[in-house]
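Q: Please take a close look at one loop position in the structure shown below, and then follow the packing outward into the helices.

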Amino acid sequence: MIRFMTRLNTVPELSHIRPITDSTKEEPQKKASRKAWHWLLVLPFLGLMWPPLYAKADPVLFGFPFFYWYQFAWVIVSAILTGIVYLATRRR
Amino acid sequence: MVNWTELYVFVFFFLVVTVLGFVAARWRRGNLNRIEEWGLAGRRFGTIVTWFLVGGDFYTAYTVIAVPALVFGLGAMGLFALPYTIIVYPIVYLTMPRLWSVAKQHGFVTPADFVRGRYGSPGLALAVTFTGILATMPYIALQLVGIQVVIRALGVIGAGWMNDLPLITAFVILALYTYTSGLRAPALIALVKDSMIYIMVIAAVTMIPAALGGYGEVFKLADKALAAKATPGHLILPAAGFSAYATLAFGSALAAFVYPHTITGILSSSSGHVIKRNAALLPAYTFLLGLIALLGLMALAAGINVPTPNDAVPQLFLKMFPSWFTGFCFAAIVIGALVPAAIMSIAAANLFTRNIYREYIRPDVTQQQEAKVAKLVSLVVKLGALAFVIFLPLQYAIVLQLLGGIWIVETFPAIVFGLFSRWLHHRALLVGWFAGMITGTAMVATSGFKSAIYTLHLGSMTIPAYAGVYALAVNLVVAVVLTSIFDAIGIKRLPDTTQREDYEEDTVRAVDTELRKAA
């Protein structure tokens, strides 16, 4: 099963096999717009590196003070952001 | 006082992973007489195995014990582990695929291999090697502490040296299967270990709060217990702790993936894409870690009273769970110590073999001898860690691990900046590294080696922050200033064996290798 999954994983890599000149020929514009997606990865730093933003008790959610659920929420948000960046910048 | 049900369950799971550890030698069979196969499992792990391996490697048993212990002792400050393990992944996403790609292209096995190739400087590579081994050794020792805490909670107490017998047994078994199976052993065991830890945590964070009257009640009771402490803790981070909290998270995140053992995990994956996918998938462990941190609050709410905070979580389990499940949880923690301990000893052995033995002792070493040396060194490293824990006070290991984090982050400029640019001069990096090591150590020394937080006085301002971040700042300033000076007076730069396209996996050559592999 694991072996099979690993096989699958290599498939996207094979999907961009193309003539040797291709990767050097990609238009700079297209490349720049792909790179712009990486700015999404800055958001977790902005959200978390300034504790005054979230070091408070209210509002409480499911019994969790804000300080706690805010940081838990960032775990999910940053994972989604990373996933978006991966999908958006992957070459098809 | 021994609870037999608990002990049976515990021993059963320990035996299962022992068998797995030896069987692993046959898993995805490769020639284990080559260091790339023994020490990196042939760089063939896909997304799922890498997820388990890096998860088991990065979120160690010590974490499972120490993070809730910190929350148990201090409250909110201990939660810095959460922002730390969130922001670490954007950093991994942006840097580690480049390291993987260049390492694959040039057959690099260790971070020091890369530094050697990139800057051409044996001195700088030696600094990275030295720091890596120095920071890893106490980390291995602390995994043993995780095991000790559990054995103590199981009630297995003998007289004199017999007291250490369970620990010695566990470690000798670990040393043997790491020797025979290399990185495959912890990778296979990680599949079991992580599944067990997930079950443990999910059970703990649903059942314990239910027994205590819900999360609202847990937070309320924990708040009271924290306020009643001799040095009161806080449920919500107070303003005085802001700068320490943020810099601890930031500095730890920079350090996390320049540790040799995490890089070993990264390099054993099969492509940069695997690493990028994992940067999005590994936060599942971060969520788990956050829940584990809450166990510290639950222990407070449950009125657990222990002399050392490290015992808080085991005591909480003993109090709240039926004995068979406690045995299961304890097994999960111990196995959780074995996985990172194995990977750390492999990483340290790779460093020694590639960057000291091959570089300075036997440059003409054959591949087979190289693998042999690495295997033997992995044994020596583990015995060293064992002796450390048995013969020296626990406090030494804790202090050294604290310092280890500050030291390892001093290799960040050489390794991570090196992935993007060669602007910094290798000599400047070396002097910067040295300045950072001294500054960081001196800052921790001012607290009598008790705290990683250093308070900087700037005029009328006082800024308490993680010493690792201050030391890194000193390191960078020195490196930048000296680079300008060294280039101006014309100190020669050494050749770079890597090329620009080696860092981008999606370039021609990587496709080329994929083609060959597929054929």
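**A buried loop position and the packing of chain B**

A: B:Pro309 sits in the loop between helix 14 and helix 15 (312-320) of chain B, in what is a predicted model. Because 20 other C-beta atoms lie within 10 Å, B:Pro309 is buried, the cut-off for that class being 20 or more. Setting aside residues up to four places away in sequence, B:Pro309 touches B:Ala69, B:Phe72 and B:Gly73. Its separation from B:Ala203 is 106 residues in sequence and 22 Å in space, C-alpha to C-alpha.

Helix 14, which comes before this loop, also takes part in packing between the chains: helix 14 (residues 283-301) of chain B packs with helix 5 (residues 66-89) of chain A at an angle of about 175 degrees, their axes being 9 Å apart. Angles over 145 degrees count as roughly antiparallel, and helix 5 of chain A and helix 14 of chain B are therefore roughly antiparallel to each other. To this contact helix 5 of chain A brings A:Phe72, A:Val75, A:Ser78 and A:Ala79, while helix 14 of chain B brings B:Pro283, B:Thr286, B:Phe287 and B:Gly290. Sorted by class, the residues in this contact are 5 nonpolar, 3 polar and no charged.

Turning to the interior, the largest nonpolar core has 210 residues, and those touching the most other members are B:Leu144, B:Ala249, B:Phe257, B:Met298, B:Ala299 and B:Val334. Helix 16 (residues 323-361) of chain B gives the most to this core, with 21 residues. Beyond residues up to four places away in sequence, B:Leu144 touches B:Leu167, B:Phe171, B:Ala385, B:Leu386 and B:Val389.

B:Ala385, B:Leu386 and B:Val389 are also among the buried residues of helix 17 of chain B, which include B:Glu370, B:Lys375 and B:Lys382 as well. Helix 2 (35-40), helix 7 (122-154), helix 8 (165-181), helix 16 and helix 18 (394-408) of chain B are included in what covers these buried residues. The 25 residues of helix 17 (residues 367-391) of chain B should span 36 Å at 1.5 Å a residue, which agrees with the 36 Å between its end C-alpha atoms.

A further buried position is B:His426, which lies in helix 20 (residues 426-445) of chain B and counts as buried because it has 27 C-beta neighbours inside 10 Å. Leaving aside neighbours within four places in sequence, B:His426 is in contact with B:Tyr119, B:Ser121, B:Leu124 and B:Leu494. B:His426 and B:Gly123 are 303 residues apart in sequence, yet 8.8 Å apart in space, C-alpha to C-alpha.

Technical notes. Residues numbered from 1 in each chain as written. Chains lettered and ligands numbered in written order. Predicted model: local features only at pLDDT ≥ 70, side-chain atom pairs only at ≥ 80, totals over all residues. Axes fitted to C-alpha atoms, helices over the stretch in contact; angles between N-to-C directions. Helix = DSSP H or I, 4+ residues; strand = E, 2+ residues; numbered from the N terminus. Parallel < 35°, antiparallel > 145°, perpendicular 65-115°, else oblique. Contact = placed C-beta atoms within 7 Å. Nonpolar A, V, L, I, M, F, W, Y, C, P; charged D, E, K, R; others polar. Buried ≥ 20, exposed ≤ 12 C-beta atoms within 10 Å, placed from the backbone. Core = buried A, V, L, I, M, F, W, Y, C linked by C-beta atoms within 7 Å. Expected span 1.5 Å × (residues − 1).
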